[in-house]
Each structure stands twice: as C-alpha cells, then as structure tokens.
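Welcome! Here is a short briefing to read alongside the model, grouped by topic so you can follow each point in your viewer.

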Amino acid sequence: MTTDTPDTTDTLDALETRTQQLREQDLMARLPQLIARAQQAPGWARILGGVDASKVTSRAALATLPITRKADLKTLQQHQMPFGGLNATPADRLRHVYISPGPVYDPEGCGADWWRFARPMYAAGVRAGGLLQNCFSYHFTPAAFMVEGGAARIGCTVIPAGAGQTEMQVQAMAELRPDTYIGTPSFLRIIIEKAREMGADISSVRHALLGAEALPESLRSWFRDNGVPHVFQTYASADIGSIAYETASSGVLNAGMLVDEDVLLEIVRPGSGEPVAPGDIGEIVVTLFNDDYPLIRFATGDMSALLVDAPASGCGRTNVRIRGWLGRADQITKVRAMFVHPAQVANILRRHPAILKARLVVSGRMANDVLTLQCEVAQALPAEQVEAIVASIRDVTKLRGEVSLVAPGSLASDGKLIEDARDYS
C-alpha cells in the first residue's frame, strides 16, 4: 500500500535511472523506426512526404521536420475522420475513442498502461495494494482512463469516483479510507471544504496527484495545511498522455517536472519550430514513441523551459526536467479542466449580432475561476438578450459564464478573443 512518506529512492523501473547519455542514445536509435512507422499512416505520409526515416538519427535532423500543431487536429480530422490519418493502427483495432472540446477525437490503443501514467502515479507514492480515489471525469475524455491504466500496472485498487457529487466523494473517502486522490486541484479543495462542513474524517488521504489545471504554490501549501502533505503535479494531454511529472525532490528547490521516458521533448520558438537555447522559454513540442498513434514534432501550444544546471533530485530519476507550465503560445485556455478555444468565442459572436466585439476573460484565483464575456454593444441590451448570451456561453463552452456589457472601443485592438487574467500566486 502507499506509505505516508514515499520512498524517494524507489523507481518504477530501471529506465528512470539511466544515464542521460544512454537515454539519448536509445531515443535516437528508436527515432528512425518511429518515423517509418508514422509514414505508414496516410496523414503522416502526407506530412512527412519525402523524408528518409533512416537519416533522422539526431535532434538536429528531427528539427528539420515540419511541426504539426495541436490546434490543427480539428481541421485534419474533418478531412479524414476520425484521427486525421495520424493513427498507424486502424480505428477498429483500438480500445477507445475519446472526444475533447472542439470536437477533437483522441484514440487509445490496447496496450497496457497505454498513456504511461504509472510513472507519475508511482512517483507520487502510489503503490501496489493501495486505494486511490480517481476523480477525473469518465465522461468522453481520457484522463480517468489514464489513471486506470497506471493503477493496473502498479497493482492498486481504484474507486472510480469521477467528477461532481461532492457529498458522495466525501462519504466514499470517510468510509473506504483511500490513501490517494487523483484529479484536479480545484476539486480536491472543494472536497476538503465539504468534508469540513460535513464533519467527516478524510484524513486517510495523504497523497494527491493533481493535473488538468495549474497548481500555484499557495494552493499546494493550503493542501499541506489541510491534511494532504504529499502533493504532486502531473502534465499530460488527451492526445499524448503523460508528458512530465513531479517527483519527490528531497529538499531540492524548483526541481521542475521530469520528462516521460517515451517522450522526446523540444522547446522551440513559437511560430518557427526552431529549438531555443537551453533554459530559454518556448513552446513544448513532443515526439511520442507510440506505435498506435505516433506523433512527430507535435506542438502542444504550452510554454515551458528546460531546467539547466539543476542539482540532482533525491528521487534518483535522471531524465531532463522542465520548469512546468508557463502559459500558452496561443489563446487556447484551460478553465475548470476544459479547454476554451478562440473559435468558440467567435461562435458566440455569430449567434448574437448585437455584440460588436467581445473578449472572454478568465479571472479569479485557482479553484475559483470566473468566466466573463466582455461585450462591446452600441446600446444597453434587454435582460432577455443578456440571458441568451449567458446561455450561449454555457452551450458552446460547457462552462458557466457571466456577461459584461461595455461601450464601443473599450476593448483593446490586439486580436485577442481570450484573456487569462487569473491570479496564479
């Protein structure tokens, strides 16, 4: 079962403690095979047309290949359903098809721990015989199933709690006594506050693996002060799976997030795809070693930087680390674990001709996001029109939002449809 203090010298397997030289040699040796496998898929055959896979044996050679952007998936998929021709395994031989906002369709193959989620879970202290409460949604999107695959590999038991139904979440924790929570940070805070309101004892939950939202240090400290001392963050996506994750750092400050063993990660200059100097901030680009859904220079839209000259972490893992999430290279913004796209704001505008111009502003503090559509209008709108705009926000984004009417010319002319004005301190 999980221990109250994770063994920081214990790793899932020997791959995590290789020298960086051996790891890089292995990745480069596997790279030509990955390119050749990808070229068997019609989408990649088009994107990588003319590329000699046998010659892509270095990061420099990889950097000459074209970037494929996460933001392009919807267009690619509309031309060739369901995965834009990027899947090397036929759709009828996959385990699941997921739907992300957009909609964008994401595959899952039949391999064990297909999303490679056992690594972040193990680093967070999840062990065989433990019990974890999985509070990621099981509805359409893959996060909950990432946890299920990792749990099966480790050998722990899962309470498939999903999201919502806070009182039942508290009751399950109080009666079943799980040692680990996995889900969004905002929902864990809601559960803890509800447990306090109900007078319920959920002190068995000593570990938390958090994802899908930013985790500011203020909230991490709040969890420690409220009975969850071992808090770890993971960085994953519905198309890639696990990308990077925190480990027990044994007192090393700013230890960053460890890159997954099957991910070849680049930090590039947004818009050009050119790798930046080590330590500089840029966009995360991933090449994923996955036979079912190989991704070659896949631009996530997320910004980060490699940690350089960082002291070795006490956990014993040796892969490179990134500083964590440092913003978006585009305007796509995650609100309450859901992505909001500029195209969705444009959709709302088309529904309401009285809006001359609009900007969706995300404000508030972590676990208390506030979504406000600022609308330039020529004159005040009747209450029923404002209510219709509110309904459109909910219909298009699947999130609750407010409306603020402003005078023409009030919004900046900078092309932004979405502004992230949250307090991450």
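Not counting neighbours within four places in sequence, Ala-255 is in contact with Ser-249, Leu-307 and Arg-321. Please keep in mind that this is a predicted model. The points below start from Ala-255 and then turn to other sites.

**The loop between S9 and S10**

- Ala-255 sits in the loop that joins S9 and S10.
- Ala-255 has a relative accessible area of 14% and is therefore buried, the cut-off being under 20%.
- Along the chain, Ala-255 and Ala-310 are 55 residues apart, yet their C-alpha atoms are separated by 7.4 Å.
- Thr-247 also belongs to this loop, which runs between strand S9 (241-245) and strand S10 (257-259).
- With a relative accessible area of 8%, Thr-247 is buried.
- What does the side chain of Thr-247 make a polar contact with? The partner is the side chain of Arg-321, at 3.1 Å.
- Arg-321 thus appears in the contacts of Ala-255 and in those of Thr-247.
- Beyond four places in sequence, Thr-247 is in contact with Ala-123, Phe-232, Leu-258, Ser-313, Cys-315, Arg-317 and Arg-321.

**The second largest pocket**

- The second largest pocket holds about 340 Å³ of space.
- Its lining is made up of 21 residues, and Arg-59, Leu-265, Glu-266, Ile-267 and Leu-306 are the closest to the centre.
- Two elements, helix H1 (20-38) and strand S11 (263-268), each give two or more residues to the lining of this pocket.
- S11 provides the largest share of that lining, with five residues.
- By residue type, the lining of the second largest pocket has 13 nonpolar, three polar and five charged members.

**Glu-283 and its surroundings**

- Glu-283 is part of strand S12, which covers residues 282-288.
- Is Glu-283 buried or exposed? Glu-283 is buried, because its relative accessible area of 0% falls under the 20% cut-off.
- The side chain of Glu-283 reaches the backbone nitrogen of Gly-301 at 2.8 Å.
- Apart from residues within four places in sequence, the contacts of Glu-283 include Arg-69, Val-268, Pro-270, Ala-299, Thr-300, Gly-301, Asp-302, Met-303 and Ala-329.
- Glu-283 is also in contact with Glu-266 and Ile-267, two residues named among the closest to the centre of the second largest pocket.

**Backbone geometry**

- Most residues other than glycine have a negative phi, and most peptide bonds are trans. The next points are worth a look with that in mind.
- The peptide bond from Met-81 to Pro-82 is cis, with omega near -5°. Pro-82 is located in the loop between helix H4 (73-79) and strand S2 (96-100).
- A cis peptide bond also links Gly-102 to Pro-103, where omega is near -10°. Pro-103 is placed in the loop between S2 and strand S3 (104-108).
- Ala-212 is not a glycine but has a positive phi, near 75°. This residue lies in the loop between strand S7 (207-210) and helix H9 (217-225), and Ala-212 is partly exposed at 26% relative accessible area.
- Arg-297 has a positive phi of about 50° although it is not a glycine. Arg-297 is found in strand S13, residues 295-304, and is buried at 1% relative accessibility.

**Cysteines**

- How many disulfides does a search of the whole structure find? The search finds zero.
- For Cys-156, the nearest cysteine sulfur is that of Cys-135, 14 Å away. A disulfide needs the two sulfur atoms within 2.5 Å, so Cys-156 is in no disulfide.
- Cys-156 is buried, with a relative accessible area of 12%.
- Cys-375 also counts as buried, at 0% relative accessibility.

**Ala-45 in helix H2**

- Ala-45 is located in helix H2, residues 42-47.
- At 36% relative accessible area, Ala-45 is partly exposed, because that class lies between 20% and 50%.
- Ala-45 touches Ala-38 and Gln-39, leaving out residues up to four places away in sequence.
- Ala-45 and Asp-369 are 324 residues apart in sequence, and their C-alpha atoms are 42 Å apart in space.

Technical notes: Residues are numbered from 1 along each chain as its sequence is written. This is a predicted model: local features need pLDDT of at least 70, side-chain atom pairs count only at pLDDT 80 or more; totals for chains, interfaces and linings use all residues. Side-chain values use heavy atoms; hydrogens and water are left out. On a 1 Å grid over the protein atoms alone, a cavity is a set of points where a 1.4 Å probe fits but cannot get out, and a pocket is an open set with protein on both sides within 12 Å along at least five of seven lines; lining residues have an atom within 4 Å of a point. Grid points are joined across faces, edges and corners, and a volume is the space filled by probe spheres set on the points. Helices (H or I, at least four residues) and strands (E, at least two) are DSSP runs, numbered from the N terminus. Ala, Val, Leu, Ile, Met, Phe, Trp, Tyr, Cys and Pro count as nonpolar, Asp, Glu, Lys and Arg as charged, and the others, Gly among them, as polar. Buried means under 20% relative accessible area, exposed over 50%, partly exposed in between (1.4 Å probe, protein chains only). A polar contact is a pair of N or O atoms within 3.5 Å; within protein, one must be able to donate a hydrogen and the other to accept it, and residues adjacent in sequence count only if both atoms are side-chain atoms. Contact means heavy atoms within 4.5 Å.
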